[in-house]
Amino acid sequence: MQTLTQHLTSQAVNDSLSQLILTLADTSKAISHAVRHGALAGVLGATEQENVQGETQKKLDIITNDMLKDALKADGTVRGLASEEEDHVVEVSKGGQYLVCFDPLDGSSNIDINSLVGTIFSVLPAPAGELTETSFLQSGRAQLAAGYVLYGPSTMLALTTGQGVQLFTLHPETNEFLLTDAAMSISPDTAEFAINMSNQRFWEAPMQTYIADLLLGKIGPREKSFNMRWIAAMVGDVHRVLSRGGIFTYPTDNKDAKKPYKLRLMYEANPMAFLVEQAGGKASTGYETILDIIPTQIHQRVAVILGSSNEVDACLSYHGLDYSEEPNLD
Ligand code: AHG
Ligand code: MN
Ligand code: MN
């Protein structure tokens, strides 16, 4: 089996980007180690602090953020970073060519119940000149690499540099990422959806009707039965979609008028959309393709609908209809 280093060489990824990817991968090994020790290392539980988005930070949100920040500072290829757990962009190395956006610990509500968590990252080119927030506001199409690490029963890294999606499994004894799937591919059709159903009453009409039709199963307009899954960690849900197809959505809702979307564009939606498109799937907000959005803020949030191409199209077809009437959910 190919190691990650051998794989990057075989794909002719340039030296500096390879070095950065290996730094991210090495840090994820250390995060995997910390996560695995859990209560034994005293890393579980919450802190007294909130991040800029008003979310209480878990101890591991801060620990993993610091681990990635320290590693990227030492790497030398990184001009600046943006993180879910940093209020502002952070200047890293003057001579660095890359910007890195990351969610150091995705699914952090899962950490105290020993359930799935992950790390998500996105690499952008660093524009010349002074580093500001504007340097980061590039569309997802500009990403040079993206990936996630899933800390599950095994630790896995899914990676794209724009040449498909490769999946690596961390060997527990040698501590080496080994290539276990050279070409992840999302089946175009599926009978599995992922959505937090508890928000149903807050969704827009198109999503209400789309999900209602899935729930009708064989007797509804879709004429087939659907199954549902929800891991509460985007990394886990997207990994399932990449592994066996499916549709994952965190749609627009009006639960909190100030926060109509949950997931963050720069370090959740964009890297996942890049992976999903590279595996043959689709990723949209319902109204536009995620990778085509021009960001306006590093922490901006978006609606996300991604996965099996025909199923995403089916969902989008509801968004094109006239939903001025309230849907009939009887
Ligand atoms: P994070 O832990 O990085 O804040 O992200 C959590 C996100 C995402 O991973 C997941 O899909 C979603 O929040 C779960 O939201 P609910 O708790 O509303 O189900
Ligand atoms: Mn997250
Ligand atoms: Mn997070």
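## A buried glutamate at the metal site

At 1% relative accessibility, Glu268 counts as buried, because the cut-off for that label is under 20%. That makes a good place to start in this predicted model, since Glu268 is one of the protein donors of the manganese ion (ligand 2). The other two are Asp103 and Asp106, and the three sets of side-chain oxygens lie 1.9 to 2.1 Å from the metal. Along the sequence, these donors follow the spacing D-x2-D-x161-E. Asp103 sits in strand β5 (residues 98-106) and Glu268 in helix α6 (residues 265-278), so the pair, 165 residues apart, links distant parts of the chain.

How accessible is Asp103? Its relative accessible area is 0%, and it is buried.

## The second manganese ion

Asp103 has a further role in the geometry of the site: this residue bridges the manganese ion (ligand 2) and the manganese ion (ligand 3), and the two ions lie 3.7 Å apart. Which protein donors does the manganese ion (ligand 3) have? They are Glu84 (OE), Asp103 (OD) and Leu105, the last of these through O, at 2.2 to 2.3 Å from the ion. Their sequence spacing reads E-x18-D-x1-L.

Here too the donors come from distant parts of the chain: Glu84 belongs to the loop between β3 (78-83) and β4, while Leu105 is in strand β5, 21 residues apart. Both Glu84 and Leu105 are buried.

## The largest pocket

The largest pocket has a volume of about 570 Å³. Its lining is made up of 33 residues, and those nearest its centre are Glu55, Ala232, Tyr250, Lys262 and Arg264. By class, the lining divides into 15 charged, 10 nonpolar and eight polar residues.

Where does this pocket lie with respect to the domains? Domain 1 (4-181) and domain 2 (192-318) both contribute to the lining, so the pocket lies between them. Several elements each supply at least two lining residues: β2 (56-58), β5, α5 (234-244), β13 (247-250) and β14 (263-264). Strand β5 is thus one to keep in view, as it also holds Asp103.

## The eight-stranded sheet

Strand β5 takes its place in an open sheet of eight strands with mixed pairing, in the order β4-β3-β5-β6-β7-β8-β9-β10. At the edges are β4 (90-91) and β10 (177-181), each of which pairs on one side only. Between β5 and strand β6 (residues 117-125) there are seven bridges in the antiparallel sense, and here Leu99 has Leu124 of β6 as its bridge partner.

Further along the sheet, strand β9 (residues 166-170) is worth a look: five of its five residues are buried. Gln166, Phe168 and Leu170 point one way, and Leu167 and Thr169 the other way. Strand β8 (residues 155-160) is antiparallel to β9, with four bridges between them, and Leu157 has Phe168 as its bridge partner. These two strands form a hairpin with five residues between them, and Gly162 in the turn has a positive phi of about 90 degrees.

With β10, strand β9 is again antiparallel, joined by four bridges. Thr169 stands opposite Leu178 there. This hairpin has six residues between the strands, and Asn175 takes a positive phi near 60 degrees.

## The five-stranded sheet

Another open sheet contains five strands, ordered β12-β11-β13-β17-β15, and its pairing is mixed. The edge strands are β12 (227-228) and β15 (282-284), each pairing on one side only. Strand β11 (residues 192-194) and β12 are parallel, with two bridges between them; Phe193 stands opposite Met228. Strand β13 of this sheet also supplies at least two residues to the lining of the largest pocket.

## An enclosed space

How many cavities of 30 Å³ or more does a search of the whole structure find? There is one, and the space in the largest cavity comes to about 50 Å³. Among the residues that line this cavity are Glu204, Met207, Thr249, Pro251, Tyr287 and His319. The lining has six nonpolar, four polar and one charged residues.

Technical notes
Residues numbered from 1 in each chain as written. Chains lettered and ligands numbered in written order. Predicted model: local features only at pLDDT ≥ 70, side-chain atom pairs only at ≥ 80, totals over all residues. Heavy atoms only, no water. Donors = N, O, S within 2.8 Å, 3.2 Å for Na, K, Ca; no water. Buried < 20%, exposed > 50% of the residue type's maximum accessible area, 1.4 Å probe, protein only. 1 Å grid on protein atoms, 1.4 Å probe; cavity = no way out; pocket = protein on both sides within 12 Å on 5 of 7 lines; lining within 4 Å. Points joined across faces, edges and corners; volume = space filled by probe spheres on them. Nonpolar A, V, L, I, M, F, W, Y, C, P; charged D, E, K, R; others polar. Domains from an automatic or database assignment. Pairing = 2+ DSSP bridges.
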